[in-house]
Amino acid sequence: MPEPQKCTGRIDSCELRFARSMIFAIEEINNSMELLPGIKLGYQIYDSCSSVPLTIQVAFQLANGLDPVFYTSDNCSQSGMVTAIVGESGSTPSISMSRIVGSFNIPQVSHFATCACLSDKQQYPNFFRTIPSDQFQADALAKLVKHFGWTWIGAVRSDSVYGNNGMASFLQAAQKEGICVEYSESFHRTHPRSRIRRVADVIRRSTAVVIVAFAASTEMRLLLQELSLQPSPPRQWIGSESWVTNPKLLRFSFCAGTVGFGIEQAVIPGLKEFLLDLSTAKVAASPLLTEFWEKAFNCRVGKSAAKDERVCDGTEDIKTLNSPYADTSQLRITNMVYKAVYAIAHAIHNEVCQDTNSTAHCDKFTRIESKQVLTQLKKVNFSKNGYDVSFDANGDPVARYELVNWQKSESGSIEMVAVGYYDASFPVGQEFRINTNLTWLGDDTQVPVSVCSDSCPPGTRKVLQKGKPICCYDCIPCPEGEISNTTDSPDCFPCPKEFWPNAERDTCFPKPVEFLSFDEVLGIILAAFSVGGACLAITTAAVFFHHRTSPIVRANNSELSFLLLFSLTLCFLCSLTFIGAPSHWSCRLRHTAFGITFVLCISCVLGKTMVVLMAFRATLPGSNVMKWFGPLQQRMTVVFFTFIQVLICAIWLGLSPPFPMKNLTTFKERIILECALGSAIGFWVVLGYIGLLAVLCFVLAVLARKLPDNFNEAKLITFSMLIFCAVWITFIPAYVSSPGKFTVAVEIFAILASSFGMMLCIFAPKCYIILFKPEKNTKKHLMNKNQS
């Protein structure tokens, strides 16, 4: 047979305090006249030595009713009948114990086992706890990390049920919050030092500033000792309740600024006095207290001492002892033990007692079964010392945590300071209450930054880096025409059609509307030339009218000349309709006015050319051509050609007239307000008809260019038509290729250029003779020139 397992190592002062606190609670209940009056509770205390095999052994002893091994009360009338168990402190031994005693319906109330897996009532139907489940703590830790904007963290955990399950719950919650984990390392106190050194090296090499540690106090002490040998870059520690409230770890000064959740502090009246009330007789009666006393004072209790030891003589004062056992300044888990005992007592009370008129009557002789206590435990709901105690359907209490911050005191030592709390019973989004007086790594008041990539500002979007977590990304500027108006935007979205991004590409602004206006330089110049040309035509007409009886005016068909000057004036002025914001009427007017006035102009020129040709043929013997091309026929010719253009424009306006349009395609960043042609065929027919008349006029002028000099107007018409045709031939490609408002400017330029060409070629020489060479403006001079 193998040797029975024995405990090794030193006694845990905190666990001893838990055991003594349980005794204190039981004695307090036994002396109460309200809770279980007349009924005394007994207890048995076993030491599992934080060992699963020993825990299993203890579980079987409890289930089989074997004699106590370590410590018991002396007034149990039903010795061996266990109705409930308080413990274990760890999740792993609690799981082992619950699997065994659960088969016997023995309720188990743990004060320190936090694994979320123990909430599974299918596997652990008998398990309750007064400490919140790690699931609540994991969610709270994830929200805490998210609250401070940390998206790139490291994770370390105990390689145990507590650490592995707690970290798994945290990582799941962190993923939902968009938090990425650079590494996740596990270790255990039984692992070789090389394993712990490897974890420490990972922490030193990592880029994550924030480290979440879901570990037991023992593992954290070993890891922090290893890190202290070779200091790592400053790290912000986020701790679970198992170690963040452990006073023994406050000696690691490089952990100043640590933040974590701890169980709420409590005040248990009378406990401190009870813990310190240890006489020599009480110590000698308990193997646990004896071991603790001998280790604390380095003496032997009631035994002969070795040469290098002394016998405890009763002068030892526990009040002078600096031990966690007597430290009641941080009653956290101790209060969980206290509440666990009271929960069991209330369950028994509800089963065996009747409360009438504020007085309890209990049946002392009822033999209570553990299954009855199990049933009543599910229903308990009471308050003790201001703290509510109840269990939900999973055997869990309401999750309440205190947010603890390790801060440096004035003396330079680190102390735990409560800086907020978390209450899962509050509405969603209001569970946190965090103060502003937190300190961070290195006792800094500035919140550290721990991100894989800096936040992408508005105007950019996140693009994940290949092969890395979602928190590692590059910030790419939004493409042209798109914006993002939030930080860390995953996508850019296009602006509405009539809007365009600003330079930062974080806001859409209305696109500037562009058209050729009278306020800009180009519009002013073109308008000036237009008005100037009209004034020039009117002045020329005035000169001609004043000298209407002169030979040079009479010799060149004065009636058509005045009509031509009138049409040129309209041609100059119609260009003004192309300037300004397009409207329904201006769009219709500009194209029709342009087409009709130019046809009128070309018709007059064509009439003058035909008059020259007919006049020359009339000088031939026997010719009577002029009677068929007199003034009436000339007028009718002009009216006929103009009427055709009027008819074309009327059809165009009737079927598909021009209309104002916002051009959003030519320029992405601005809107061109222009006149759409309505029917492109109508526009090109109008333009083609003008071109046809111009070509016909040009051909006739070429035929008449060698007539006698007194009919030299044909040469002038030839040059004017040559300029006209050249301008409008070059207009077509320029019009098609010019963007935006320059399309209108090209059209205006073509109108003005061709108008000035005809004006100067036809009328400038005549005006020169009339005004500056009057001696040549005589019939004799013209006849002599003709004879010569």
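**Exercise 1. A salt bridge across the chain**

Task: In this predicted model, find how far apart the closest N and O atoms of Lys-143 and Glu-431 are, and decide whether each of the two residues is buried or exposed to some degree.

Solution: Begin with the contact itself, in which Lys-143 forms a salt bridge with Glu-431, the closest N and O atoms being 3.4 Å apart. The pair links distant parts of the chain, for Lys-143 belongs to helix α4 (residues 134-147), while Glu-431 sits in the loop between β18 (414-423) and β19 (432-434), 288 residues apart. Next, turn to accessibility, where the word buried is used for a relative accessible area under 20%. Glu-431 has 7% relative accessibility and therefore counts as buried, whereas Lys-143, with a relative accessible area of 26%, is partly exposed. As a general background to such a contact, side chains of opposite charge can pair when their charged atoms come close. In total, the structure holds 16 salt bridges.

**Exercise 2. Salt bridges around helix α6**

Task: Work out which helices hold Glu-226 and Arg-193, and then state how Arg-204 and Asp-201 are placed relative to each other in helix α6.

Solution: The first step is to note that the side chains of Glu-226 and Arg-193 meet in a salt bridge, with 3.1 Å from N to O. Glu-226 is part of helix α7 (residues 217-229) and Arg-193 is part of helix α6 (residues 193-205), so this pair ties together parts that are 33 residues apart in sequence. Glu-226 is buried, with a relative accessible area of 7%, but Arg-193 counts as partly exposed at 48% relative accessibility. The contact also belongs to a network of salt bridges that links Arg-193, Arg-197 and Glu-226.

The second step concerns Arg-204 and Asp-201, whose side chains meet in a salt bridge of 2.8 Å, N to O. Both residues lie in helix α6, and they are three residues apart, which is about one turn of the helix. Arg-204 is buried, with a relative accessible area of 13%, while Asp-201, at 27% relative accessibility, counts as partly exposed.

**Exercise 3. Two ways of pairing strands**

Task: Determine in which sense β13 and β14 pair, and in which sense β3 and β4 pair.

Solution: It helps to recall that strands of a sheet pair through backbone hydrogen bonds, either parallel or antiparallel. Strand β13 (residues 353-356) and strand β14 (residues 359-362) pair in the antiparallel sense over four bridges, and within this pairing Asp-355 has Ala-360 in β14 as its bridge partner. The two strands form a hairpin with two residues between them, and Asn-357 in the turn has a positive phi of about 50 degrees.

Now consider the open sheet of three strands, whose order is β3-β4-β5 and whose pairing is parallel. Its edge strands are β3 and β5 (127-129), each of which pairs on one side only. β3 and strand β4 (residues 108-110) pair in the parallel sense over two bridges, with Ile-85 standing opposite Gln-108 in β4.

**Exercise 4. Unusual backbone geometry**

Task: Locate the cis peptide bond that ends at Glu-88, and say where Leu-36 and Asp-488, which have positive phi values, are placed.

Solution: The cis peptide bond runs from Gly-87 to Glu-88, with omega near -5 degrees, and Glu-88 lies in the loop between β3 (85-86) and α3 (91-101). For Leu-36, phi is near 50 degrees, a positive value in a residue other than glycine. Leu-36 is placed in the loop between α1 (13-30) and β1 (44-45), and it is buried, with a relative accessible area of 0%. For Asp-488, phi is near 60 degrees, and the residue is found in the loop between β22 (482-483) and β23 (493-494). Unlike a buried residue, Asp-488 is partly exposed, with a relative accessible area of 25%.

**Exercise 5. Patches on the surface**

Task: Name the residues of the positive patch, and give the accessible area of the nonpolar patch.

Solution: The patch of positive charge on the surface gathers Arg-10, Arg-221, Lys-248, Arg-251 and Lys-295. One of them, Lys-248, lies in the loop between α8 (241-244) and β10 (259-263) and is partly exposed, with a relative accessible area of 42%. The nonpolar patch is formed by Val-639, Phe-643, Val-646, Leu-647, Ile-651 and Leu-655, with about 590 Å² of accessible area together. Leu-655 is found in helix α18 (residues 631-655) and is exposed, with a relative accessible area of 72%.

Methods: Residues numbered from 1 in each chain as written. Predicted model: local features only at pLDDT ≥ 70, side-chain atom pairs only at ≥ 80, totals over all residues. Heavy atoms only, no water. Patch = residues over 30% accessible without salt bridge, like charges linked within 9 Å, V, L, I, M, F, W, Y side chains within 5 Å. Areas by Shrake-Rupley, 256 points an atom, 1.4 Å probe, with all protein chains shown as cover. Salt bridge = Lys/Arg side-chain N within 4 Å of Asp/Glu carboxyl O. Lys, Arg positive; Asp, Glu negative; His and termini not counted. Charge placed at Lys NZ, Arg CZ, Asp CG, Glu CD. Buried < 20%, exposed > 50% of the residue type's maximum accessible area, 1.4 Å probe, protein only. Pairing = 2+ DSSP bridges.
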